[in-house]
Amino acid sequence: MAARKTGRDGFVAVYPGSFDPVTNGHLDIVRRAAAIYPHLVVAVVANPNKTPLLRAAERVALLHEVCKGLPNVEIDCFEGLLVDYVRRRKASVIIKGLRIVSDFEYEFSMALLNRRLQGGVDTMFLPASLEYAYISSSSVREVFSLGGDISDFVPSAVLRAMRRHARGKSGASSPLTRRRA
Ligand code: PNS
């Protein structure tokens, strides 16, 4: 497949996800993909089937914060089919991070489905770095909700946002707002 060239931005790659919240593992994939592609769009999906913890606007703001040192990374948000968004952005590559074998089984079928839906759109997989292979947004949410320490798993801006969110949702005396190391 020939990558589509898109003016001054060069080849555009899209890294889609819920990012609810963005983790150190996501950030590792962003950094590595941004070192490969001239223009990387990190695209927050605004309408996943599951109910998100953080609003799409909060997830976008956090991504802006944690990616601010990466000049070729753009943060965006979309609704609807990923392949339609990829076409609108004149991109030709979808980036996915793979942590474990079960990720591959799911993502492999998604890659085939997306290429079937939109010819010319291919998926590039980046293996998670070993130190992040066990981190997922859902496990971060669960550990946090049960009062565990997530400071090694997410950027500090995300930790602050999670604490703010918990305070706003549950009140100052909730276990969610207990100080975490
Ligand atoms: O971070 P996630 O939740 O694992 O990301 C999954 C995501 C958002 C990339 C996937 O659900 C997606 O592409 N959603 C957009 C809607 C779509 O295109 N669905 C058909 C292919 S799954």
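This is a guided tour of a predicted model, to be followed stop by stop in a viewer.

**The whole chain**

Begin with the protein in cartoon view, where the secondary structure comes to six helices and five strands. Followed from the N terminus on, the elements run in the order β-α-β-α-β-α-β-α-β-α-α. The protein has 181 residues, of which 31% count as buried. Among the contacts with a separation of 6 or more, 75% are accounted for by residues 24 or more positions apart.

**Strand β1 and its partners**

Next select β1, residues 12–17. Five of the six residues of β1 are buried, so this strand is largely enclosed by the rest of the structure. From β1 the chain crosses through helix α1, residues 24–36, to β2, and this β-α-β crossover is right-handed. Now add β2, residues 39–45, to the selection: β1 and β2 pair in the parallel sense, and six bridges hold the register between them. To find that register in the viewer, look for Ala13, which stands opposite Leu40 in β2.

Then add strand β4, residues 93–98, which runs parallel to β1 and is joined to it by two bridges. Here the pair to display is Val14 and Ile94, since Val14 stands opposite Ile94 in β4.**Strand β4 and the way to β5**

Keep β4 selected and consider its surroundings: five of the six residues of β4 are buried, so β4 too is largely enclosed by the rest of the structure. Strand β5, residues 122–127, pairs with β4 in the parallel sense over six bridges, and Gly97 stands opposite Leu126 in β5. The chain crosses from β4 through α4 to β5 in a β-α-β crossover that is right-handed.

**The nonpolar core**

Which residues have the most contacts inside the largest nonpolar core? Show the side chains of Ala13, Val14, Tyr15, Leu40, Val42 and Leu63, which have the most contacts inside this core of 41 residues. Strand β2 gives the most to the core, with five residues.

Tyr15 is a useful residue to centre on here. Leaving aside residues up to four places away in sequence, Tyr15 touches Ile29, Val30, Ala33, Leu40, Val42, Ala43 and Ile95.

**The ligand and its shell**

Now centre the view on the ligand and display the nine residues around it, of which Pro16, Gly17, Ser18, Val45 and Leu82 come nearest. Two elements, β1 and α4 (residues 101–117), each supply at least two residues of this shell. What is the division of the shell into nonpolar, polar and charged residues? Seven residues of the shell are nonpolar and two are polar, while no residue of the shell is charged.

**The loop between β1 and α1**

Move on to the loop between β1 and α1, where Phe19 lies. Phi of Phe19 is near 50°, which is a positive value in a residue other than glycine. Is Phe19 buried or exposed? Phe19 has 27 C-beta neighbours inside 10 Å and therefore counts as buried, the cut-off for a buried residue being 20 or more.

Pro21 lies in this loop between β1 and α1 as well. Select Asp20 together with Pro21 and look at the backbone that joins them: the peptide bond from Asp20 to Pro21 is cis, with omega near 5°.

**The loop between α3 and β4**

A further positive phi is to be found at Lys90, in the loop between α3 (residues 82–88) and β4. Phi of Lys90 is about 55°, although Lys90 is not a glycine. Lys90 has 13 C-beta neighbours inside 10 Å and so counts as partly exposed.

**The loop between α2 and β3**

The last stop is Asn72, in the loop between α2 (residues 56–66) and β3 (residues 73–78). Because Asn72 has 15 C-beta neighbours inside 10 Å, Asn72 counts as partly exposed. Which residues does Asn72 touch, not counting residues up to four places away in sequence? Display Ala34, Pro38, His39 and Leu40, which are the residues that Asn72 touches on that count. For a distance to check in the viewer, take the C-alpha atoms of Asn72 and Ala34: these residues are 38 residues apart along the chain, and the two atoms are separated by 6.7 Å.

How values were computed: Residues are numbered from 1 along each chain as its sequence is written. This is a predicted model: local features need pLDDT of at least 70, side-chain atom pairs count only at pLDDT 80 or more; totals for chains, interfaces and linings use all residues. A residue is near a molecule or strand if its C-beta atom, placed from the backbone, lies within 6 Å of it. Helices (H or I, at least four residues) and strands (E, at least two) are DSSP runs, numbered from the N terminus. Ala, Val, Leu, Ile, Met, Phe, Trp, Tyr, Cys and Pro count as nonpolar, Asp, Glu, Lys and Arg as charged, and the others, Gly among them, as polar. A nonpolar core is a set of buried Ala, Val, Leu, Ile, Met, Phe, Trp, Tyr and Cys residues joined through C-beta atoms within 7 Å. A residue is buried if 20 or more other C-beta atoms lie within 10 Å of its own, exposed if 12 or fewer, and partly exposed in between; C-beta atoms are placed from the backbone. Two residues are in contact if their C-beta atoms, placed from the backbone, lie within 7 Å. Two strands pair if DSSP finds at least two bridges between them. A crossover is right-handed if, with the strands pointing away from the viewer, the path from the first strand over the helix to the second runs clockwise.
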